Structures are given as C-alpha cells and as structure tokens.
Amino acid sequence: MRRYRMSFYIKLPGLVLALILLASSLLTGCQQEKVLKIGYLAEQTGVEAYIGQATIPALEDRIAEVNSKGGIGGYQLKLIVYDTRSEVTDAVTVTKRMMEQDKVVAVIGPSWSAAGIPIAEIANTNKIPVVATTASNVNVTVNEAGQLNPYMFRVCFIDPYQGYALADFAYNKLGKRKVAFLTDIASPYTVGVHKFFKDHFVELGGEVVAEEGYQTGDTEFRAQLAKIKDSGADLLVAAAYTYKDAGLIGQQMEALGLKITVMGADGWFVDDLLAMAGPQLEGAYLTTGVSTESPEFADFNAAFEKKHGVKANIYTYYGLDALYAIEYAIDKAIKDTGSPDPTAIKNALENMKDVQLFTSKVTMEPDTHNPHNKPLLIVKITNSKWEIQETFQPQ
Amino acid sequence: MDLFLQQVVSGISIGAIYSLLAVGYALVYSVYNFTNWAFDAFMAFGAFMAFYAISSFFLPFWVAAIISILLAIGMAVSTEKLAYRSLRLRKAPRLFMMISAMGANLAIVNLLNLFFGGQFRRFPVENIGTFSMGQVSVGRMDVLAGIISFGVLGLLWVFLYRTKPGLGIRASSIDILTASLMGINNDAVAFIIFAVTGVLSSVAGIFYGIKYAVYPTMGIVTIKAMIASIVGGLGSLPAAVVGSMLLGILETLVAGYISSTYRDLFSFLFLVIILLFFPNGLMGKSSDEKL
Amino acid sequence: MGYLNAIIILGGINIIAALGVAIITGYTGLFTIGHAGFMALGGYACAILVTTFHVPFAIALIIGGLFAGLCSFIIGVPAFRSQLRGDYFAIATLGLSEAIRLILNTTYKVVGGAFGFMGMSNLTTVPVVVIAVILALFFAHMFVTSQYGKNCIAISQDEVAAQMMGVNLLRTKLIALFISAFYAGVAGGLMGFYMAYLSPSFFTITRSSDLLAAVVFGGIQSLIGPTITAFVLVAVPELLRVFSEWRLIVYGLLFVIIMLFRPQGLLGYVEMNFAFARRWWNAVFTPHQAKQGTIKGDQ
C-alpha cells in the first residue's frame, strides 16, 4: 500500500508535467503559425570563428528589437543559427536542414564564396532566398554560364570592383607604378582581388614586379617579403581574407625593414587588426563598404562591445545588412501578396530600390542580384585608426 | 648574398620554434610509439594562459610564462590520465591512442574558442625590435626565442642523460616492459614525459604567440613539427631538432628561390625524397637507442 | 527530405572513402593521412569527363577512380620500394595530398584553380549512392577474403614473416593502395556531383583524418565496422547540433570516451560475413534434425 502511494506521488507530478509540456507544445504549435524563421550560416568554430562570434549577437539583438515592436506584419521572427566550421560540406548540409526541416523563409548566407556557389543551387531547388554577406565571387549570384541564380543575393560588392577601385586609386592617386602581390592562393577572394587589380593596373600602365603566394593558415611570410623587398616594388597588395594574415604581414615587414605602402581589401576591415598590428600597418590602404569609424555607428559599436564583450566588425555590419534586407522583403511580401511566401520575399529582394539597410541605402540589380553602385570607401590606417580617404562611386 | 643570408636567418628562427614542438613529439613517440595529436591544443592552451595572465591580471612576462607552463603541465598530464592511460594499460595499438588524442585536441581547441573567442590577438609584450648585420635584419625576439628554445632543450638533455629519472625514461624508451620489471614506475615515467611535453608546448606556444598571434587554432603549425620530427627520425630528440632546422631553412629557401606559391610542393617533395633514401628518417636508427 | 538525403548521401560517400582507407590501414596496416588527395583526383577527373567529354556518370566515376588509383603509384612505388612504413608512409601520403591540393589551387586552365570547378549538375542521388555503397562493400568483401586480402593481413601482422611465406610485398601493397585510392576517387566523384561544385578546399587534411578516425573507430580488419562508423561520423555531428557551440567539444570528447570504452574499435576484427545470420536462422527456423547437417556444412 505504501509503495503504491509513493509511486503515485512520484507519478502525479510527472503526469502534470507531461500534460503541461503537451499543452505548451500544442500552444507553441499554434504560435508557430505566426513565427517566421530566418537562418544564419555562422562560423562559430575554426580559423574564421571571429566572423560568426561577432555577428550572431547582433542579429539576435536586432530580431529581439523587431519582435518587441510587434514583429513584421504580425509575424514574430526567429533566428536559426548553425555552425559551418568554415567547411563547405557543413554549410551545404545545414542550408538544407534550415530550408527543409526548420522551414526558414530566408537565409543569411555564407561569408565565403566557395560555400556560396553550391548554396545558390540549393536555394534555387528549394525556392528559398539566400542573402550572402561577404561572398564576393562573381559566380555566386550569376553562374559561369552567365545565368542568374534566381534565389541568391548578396549585400557586398564583388571582387572585380574592389580590385579595379584599388588599382585606380594606387595608380592615379598614389602614383604607384611597381606593384608586388602577396596572395593566398587557396582563397578565391584574395586571388580574385589580385587578378582584377593586376588587370586594371597593367592596363593603366603599371608594372608587376613580384607575385608571391602563400596558403591559408600560413603565418610566416618573411621569405616572400624579403623577395619583394629585393624586387624594388613601391606597393604591396595583400588582399588577405583573414585579417590575421594582414597583421602578420605588417609585423614581418617591420621586422625586415620593408617600408612600402600596403594595400588590402575589405577582409582586413576588422577592428582587432588595429590592436594586432596598427602601428606596423600605419599608412596602409584598404577598401570597405562601410567604415566602423563612421560617426553614425559609434553608439552602436560602443553599446555592442559593452553588451557582448566583442567588437563589432565588418561582418557584423554585413550580417545586419542582410537581415535588414530580409526584413524589408518580408514586410513587402506581406503587403503585396498577404503572405510571407519565400518566392514573394525573393521578388521583393529582387526589386529593392533605395532601401535603407543598416549601413546604407541599397538598390538590388535585378539582373545580377548584386547591390547597385554600392559606394566603396578607401580607408587609410592613420594613428591606428581607420581614416576614410575617398568614396569611390562606380560608373 | 644578403637575400640568401636573410632567408637563412628567417629559416633558423622558424626552425627553432619547430624544434621545441618536434622534440615534444619525439619524446612521446620514443616511449609510447604514438604521435600525440593533442599537442597543438597544449600549445594553444599555453599561449592563451600566458596571454590572459598578462592582459587580464597584469602579471609580468616571466611570471605569466611560469604560470602558463604550470597550467600546461597540468593540462598535458591530465590529458594523459584521461585520454591515454587506460589505452596504454590495455596495450591498445598506437592508432587508437592517436585517435583519442585527436578527440582531446578537438575538444580543447574548441573549448578555447568558446571561452576566449576566435579573434587573433597580439601577444602583449614590448616589441624589442630588430638589429641589422649588414643588410640582414634579425629580430631580437627571434634571437631570444632561439636562445631560450635551445636552453630548454639543453636542460632536457641534461635531465635525460645526467639524472636518475632521465635514465628511467631512456630505459623505458628502449623497452617499457622490461623497464617496469626493473622497478621503474611506469606511471611516473608517463607523468614526467607529459609534464615535459607541457613545458615544451607552453614555451613554444608563448614564442609562437609573440612572433605571430594568439588564437585557438594556432596549433595548426604543429603539423610542420610533426613532419620535421618524422623526417629527422622518429623518437630521436637530436633528430627532431635537425629535422626542424632543415624544414625551417628549406621552406624559406624554397619560397625565396624557387617559388613561394609552390613552397609546400617543393619542400614536401624534398622531404619525401629524403625519406626514400633514409626510410627511418635522417638520423633514425633501429629502436636500440631512440633518445 | 533533402536534409535527410544529404546525410544519407554524405554518409554513403564517407563510407566508400572509409572502405578505401580500411583496405590500406585496417587490413594492410599502412596508415594514411592523405586520402583526401585521392578523393580530389577522382572527383576532378570525373567532373572533367562528365562536363567536357560527356561521358556517362557511372563510367566517369570508374575512370575517375582508376585515375586516382594510378596516381597512387606516384607515391606507392617509391615508398614501398624503400620500405616506408608507419608514420613515414603517412607523411608521404600527406605530402602527396597537399601537393595535389596545391596544384589544383593554382591550375586555372581546366580545373578552375581556387575558384573551384563549376558547371556541374547534381547527379549524385540517394539511389546512386546506395547502389555505389552496396557495390563497394561487395567488392571490398571479395577483396579482403581473396588471397590478396589474406596477403594484406599477413603483411599487417608481420612483414618479414609474410615475405618468407612467399608474399610479394611490393605487389601486394601496391594493389591494396590502388584499390584504396580507387575507392577514394569514386567517393570524390560522387562528392563533386552531389555538391555540383568542386573546390580544392573540400579536400584538406581534416577530411583525411576524419576517414582515418572512421576506420579506427570501426575497428581494424573489419569492413562492416568502418561502414557503420563512417556513416555515424557524418550523422553524429548533425545530431549534436542541439549543443550549438558546444558541438565540437562534445564530439571530441566522444572520440576519447569511445576509445576508452572500446579500445579495439566498434567491431575490431569482425569480418563482414553472414554466418551470424545463418546461425540465427538455423537456430530459429531449422528443425532439430536438420541442424547437424548445417553445422557440418559450416565446418
């Protein structure tokens, strides 16, 4: 009898708990009707972990903010984050998982092009839009046969553009004539900037005196730098994807006594670089779509660092840009068609015109899915700070 | 000529760092016949501990280095206890120890990533600059790192060849079973070996951190040290140093004179050719005398 | 469905590549950390054949595998001639695989360099992978139970003794390496046509060591063990996604824990055969009298 009672007392709370769980799952089931999920392909681990770690909190904050204001068109947003380990296979699998299991309506996309290319295909099959953050290879949105990937977008500018702008600036504004390259041969991004810089620079009349390479993950560049020193170059282009490379190149240039101007691209634009090698990279130039030094972001940066203990970086901004674009598109889709259907979202993204995103106003080019005429800033590192030199408006 | 000297100097400074790591591999290999793949985690751990001792607790460099070494010893010894000991006692094949090490490595590196974040940090020490010899510039820190690396390796040599525990380790490296029959405490040998591993990895981590940067995946470089210790001749400490110097200088010379893009191709090619002529590594002997 | 399919397909591809590693590491006792290189060779060869020369996919897969197998002789012939073993051989395979990746990264003409090989279609579907896995298992089983397979085991036990028994070391090792690289090459081809894209960054040392881990977990001298673990090692990280950023930490610790509890691997030394099924069938369904006959047959 006693035993029966004991087990009854054990069972009763269990039963109640089970009922509550069941009820709550039913209730959340009802709620889920009004929840829109947005996926984010994050690098939380691996060499590029700093990208995801500085972006996830920003996206979560923004989504909490939108939700506290009542969501979009009555829908609450929910962020689904999966780690890609910076591996393409992982990125592909989790994109499928987001689209098919989690039923996301849009994905904030990969930050590197090697993942962007296969993911474009998945987006097309599932008819769910993906907005890439910093996958800047041309073939991410338009495949090599020249066909548009209808569900793939991006909020960054493309490699040719950066390479072109840098070459123009180096030749015309800085008066450089002899360029040396130090290129991560395994990174399509770096190789892309190298190629387009070289094409335009040679076209302008400049000369390439050294082309040195290294592989992703390398930390030792002195052999290459010593050769560049010997080549008599007056400009070094090192468009590293990971800012670590830029910092180490700066430090090792100093160690070798190599004092020429260095140029990089937007992969450099992470504030931690200044802490790592600010004095060594004094006077270096780089491109970026937006500057963290711009006064309008000062409040955001300070609040972000205080709240999360990490500095906001360029990837944070691009991630937010992608999220803002998706928010706009969801809103537009609901207004136009009455439902946040992924295809409607895609159409809205495609026809974006002068929409204020986190960093700037963006117009999407419907035939390339690249942001139209996104201004490109050329930034100089001065006193371990970013200093905007010039805004480059493409024609 | 200046360029050549400059490249050789760079090569030696890289080789010195490889040496510390390669000797760690060789030491573990000499007794346990397995490649300790958790080594890169120890290295990153050591670097992180020193980094935070300086940047968060404002300790002087030497104190931070000692704390880091002690913590790395703790980490290495506890990894041995948790991940290898029971395998070792059961005489599991060495491949299993390697996989266990791989798991430990994955876990530790990702713990560092989770707790400290994936940013690249500059090691907070004063930059002591460079000095020039003719046209060749030499980093003072490189010289210091070289001196300390070889100092540590010298101490290790003294320990192995001039002390009683060292004798025990050498005996174990020849035949661990017989050594234990002769009254050598196997667990004590394991403790000492992994403690030494901790010291080496921590020192290497700190210098690597100063020279380059501190980040969770910084241990990737240990693959180079592993290659160096294998090419030198597995299980032999002098061979590990020779292999490391060879690899360091080879890499810079290939990058400087053949092609930096194909550096790894040519240096691997060269190493494989060495292996074809010396299938037990450059200085590898039969198992009679491994240390 | 696609997500589940993705796991099945990637798991299947991992199985095929792991079977290759099982033949060289599990059976022949030569440990390799360079099979990603053979995957890359097979993958790119297959991709070029299908997209440029319009060879049917199945044939291209086989040719890709053969190409990877032939390339394995680049390292196999010199290494086995000079008796490279253990870690020395492992480093040689690593060197080859890194060299392959480097060359692919810098060759822009045909293979697209660091930008990767584009313009492929998605041909790897679940039925294709399932058929490939079954065929791969079947042939691997045939191989390891054949005289060559037994020679391989003999080599892994004691090379000198094997040689004294008349086993041709060079030839046996080369055959094992060829088949092993063939499997990796086919897996690479399947991978490329699943992703519809190939990039040298797919084939890093991480992939090689994952394959080695699958074989060691599965058990030495076993095919069914690595088959199971190769699949599980693809599926488990996906299941562990609930741990979010703790995922790889848990995954790493699982490695350690499994090794501590089953240091012989999951199914070490368990040959893949159907004897257990037959025994079970006999025990349940065969009348008592008939049993004797079957047992005799077994002997």
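1. In what pattern do helices and strands follow one another along the sequence of chain B? Reading along, you will meet α-α-α-α-β-β-α-α-α-α-α-α-α. That comes to 11 helices and 2 strands for chain B. Please keep in mind as you look around that this is a predicted model.

2. Stay with chain B for a moment and look at its overall dimensions. The C-alpha trace spans about 60 × 50 × 35 Å along its principal axes. The radius of gyration of chain B is 19 Å, and a compact globule with 291 residues would have a value near 19 Å, so the two agree.

3. Next, the inside of chain B. Of its 291 residues, 60% count as buried. Here a residue is called buried if 20 or more other C-beta atoms lie within 10 Å of its own. Now take the contacts in chain B between residues at least 6 apart in sequence: 76% of these join residues at least 24 apart.

4. Now turn to chain A and find its sheet. This open sheet has 7 strands, in the order β7-β6-β8-β9-β10-β13-β14, with mixed pairing. At the edges stand β7 (207-214) and β14 (385-392) of chain A; each has a single partner strand, so one side of each is left without a neighbour in the sheet. On average, neighbouring strands of this sheet are turned by 25° against each other, direction ignored.

5. For a good look at one strand pair, try β13 (residues 376-382) and β14 of chain A. They run antiparallel and are joined by 7 bridges. One bridge to find on your screen links A:Thr382 with its partner A:Lys385 in β14(A).

6. Which strands of chain A does helix α6 lie across? Helix α6 (residues 188-204) lies across β6 (178-184), β7 and β8 (235-237) of chain A, and runs at about 165° to β6(A). Helix α7 (residues 222-231) of chain A also packs on the sheet, where it touches β6, β7 and β8 of chain A. The direction of α7 makes about 175° with that of β7(A).

7. Finally, see where chain A meets chain C: 26 residues of chain A are in contact with 26 residues of chain C. On the chain A side, β2 (76-83), α3 (88-101), α4 (113-126) and α6 each supply at least two residues. Which element gives the most to this side of chain A? The answer is α3(A), with 8 residues. By type, the residues on this side of chain A divide into 11 nonpolar, 9 polar and 6 charged.

Conventions: Residues numbered from 1 in each chain as written. Chains lettered and ligands numbered in written order. Predicted model: local features only at pLDDT ≥ 70, side-chain atom pairs only at ≥ 80, totals over all residues. Pairing = 2+ DSSP bridges. Helix = DSSP H or I, 4+ residues; strand = E, 2+ residues; numbered from the N terminus. Axes fitted to C-alpha atoms, helices over the stretch in contact; angles between N-to-C directions. Contact = placed C-beta atoms within 7 Å. Nonpolar A, V, L, I, M, F, W, Y, C, P; charged D, E, K, R; others polar. Rg over C-alpha atoms; globule rule 2.2 N^0.38 Å. Buried ≥ 20, exposed ≤ 12 C-beta atoms within 10 Å, placed from the backbone.
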